[in-house]
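Let's take a walk through this structure together, one stop at a time. Keep the 3D view open and turn it as you read.

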Amino acid sequence: MRASVSVVIATRNRAQYLAQAIDSIRAQSVCSEIEIVVVDDCSDDETEDVIRKFGNSLRYMRTRRQVERGKARNLGVELATTPIVAFLDSDDRWMQNKLERQLNAAGAISTTAITLIDHKGATLGLTLRPQSDPELRIARCNPFPALPSTLVMPRQLFLELGGFPETREVQGSEDWVFAARILKMGHAVFAIGETLVEYRVHATNSSRNANHVERSMWEAVRLLEREALIHPTDVSLAKAYTSLTIANHYGRDGNWLKTVEWLRSARRHSAGVHVRENHLIAVRSALVLGKFVARRMGVSPNEPKKGPRQT
């Protein structure tokens, strides 16, 4: 099969990872013409030096001011010249057969499983797979892990859906909103269970900043509600689970007041959901609180405190 696909990389200050991302595209096994479009969101590191090494093998655009990742990806799609678009975050990498598997997949839109790697590229031994019932789970969270780096879809359909939201406050959760737009319009997403993307976990991930998570996720919930991207009866569910996620991030950072504030928000919004979900939210709230207390006591949240050795 011969296909033509554009891969859009939106980047900002990721010079240390960018070449690896581009190389993983150039190493794809698919027999296809691949157009690489890099949109540099006003980086102030060595990004231009990295790009220069690839010469004319890719298309490069630098924004005049910082526009954030959603807008940068949308600009990349506008520059693309092929009927199919894919995305890769500049700190992630693709497996060699990633595009081949997706371009041969049944379905116009496809996504894949991911594995987590550290800042040096070593595997962390954790795999995340797309949910098999995304329509039922979209109110709780994005059912497609690392959506931009796993997504392949028709360019025209991307444009018809309006692309990624560009509101600055939602950046970091813009992929969740876009996933909801896809599902709201009735489009099926073909989920490939194979691990075809390496998602890099490092200190400057936006998900490592609790304040950023609070801002982006809560704005995402507002957009889901405002654009009716989830059923009205699921709004309370979305707010409850989002509150839990935010509480967990503040708990990890040791911020007691913020942790309690968002746990209370989770319980308040859970009053509007059915009994089973209410119970799950209560259990997860207790776990978040337990992890916070364990951290304050200097005990690993994943391991029980060891008592005296029994003889």
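Find Ile25 first: with a relative accessibility of 1%, this residue counts as buried, because anything under 20% does. Keep in mind that you're looking at a predicted model. Ile25 sits in helix 1, which covers residues 15–26. So who surrounds Ile25? Skipping its neighbours within four places in sequence, the contacts of Ile25 are Val7, Ile9, Ile34, Ile36, Leu88 and Trp94. Trp94 is a nice one to click on: it is 69 residues away from Ile25 along the chain, yet the two C-alpha atoms are separated by 6.7 Å.

Trp94 also turns up in the contacts of Phe87. Leaving out neighbours within four places in sequence, Phe87 is in contact with Val8, Arg73, Val77, Trp94, Pro148, Ser149, Thr150, Leu151, Phe158 and Phe164. Now zoom out to the largest nonpolar core, a group of 55 residues. Which of its members touch the most others? They are Phe87, Met153 and Phe178. Helix 10 (residues 235–252) supplies the largest share of this core, with nine residues. There's also a second, separate core, made of 25 residues, and among its members are Val7, Val50, Phe54 and Ala146.

Let's stay with Ala146 for a moment. You'll find this residue in the loop between helix 5 (134–137) and helix 6 (147–150). Ala146 has a relative accessible area of 18%, so it counts as buried. Its backbone is worth a look too: phi is near 50°, a positive value in a residue other than glycine. Why point that out? Most residues other than glycine have a negative phi. Glu68 is another case, with phi near 80°. Glu68 belongs to helix 3 (residues 68–79), and with a relative accessible area of 16% it is buried.

Next, head over to helix 11, which runs through residues 256–270. How far does helix 11 reach from its first C-alpha to its last? The span of its 15 residues is 21 Å, close to the 21 Å expected at 1.5 Å a residue. At its N-terminal end, Asn255 acts as a cap, with a side-chain oxygen 3.5 Å from the backbone nitrogen of Leu257. Buried residues in helix 11 include Thr259, Val260, Trp262 and Leu263, and Ser265, Ala266, His269 and Ser270 are buried as well. What do the buried residues of helix 11 pack against? Their partners are helix 9 (210–226), helix 10 and helix 12 (275–296). You've met helix 10 already, as the source of nine residues in the largest core.

Time for some strands. Strand 9 (residues 189–200) pairs with strand 5 (residues 93–94) in the antiparallel sense, over two bridges. To see this pairing up close, look at Arg93, which stands opposite Glu198 in strand 9. Strand 9 also runs parallel to strand 6 (residues 109–117), and nine bridges join these two. Here you can pick out Ala113, whose bridge partner in strand 9 is Thr195.

Finally, what about the cysteines? A disulfide is a covalent bond between the sulfur atoms of two cysteines. How many disulfides does a search of the whole structure find? The count is zero. Two cysteines you can check yourself are Cys42, which counts as partly exposed at 21% relative accessibility, and Cys141, which is partly exposed with a relative accessible area of 37%.

Definitions and conventions
Residues numbered from 1 in each chain as written. Predicted model: local features only at pLDDT ≥ 70, side-chain atom pairs only at ≥ 80, totals over all residues. Heavy atoms only, no water. Core = buried A, V, L, I, M, F, W, Y, C linked by side-chain atoms within 4.5 Å. Buried < 20%, exposed > 50% of the residue type's maximum accessible area, 1.4 Å probe, protein only. Helix = DSSP H or I, 4+ residues; strand = E, 2+ residues; numbered from the N terminus. Contact = heavy atoms within 4.5 Å. Expected span 1.5 Å × (residues − 1). Polar contact = N/O pair within 3.5 Å; in protein donor to acceptor, adjacent residues only side chain to side chain. Pairing = 2+ DSSP bridges. Disulfide = S-S within 2.5 Å.
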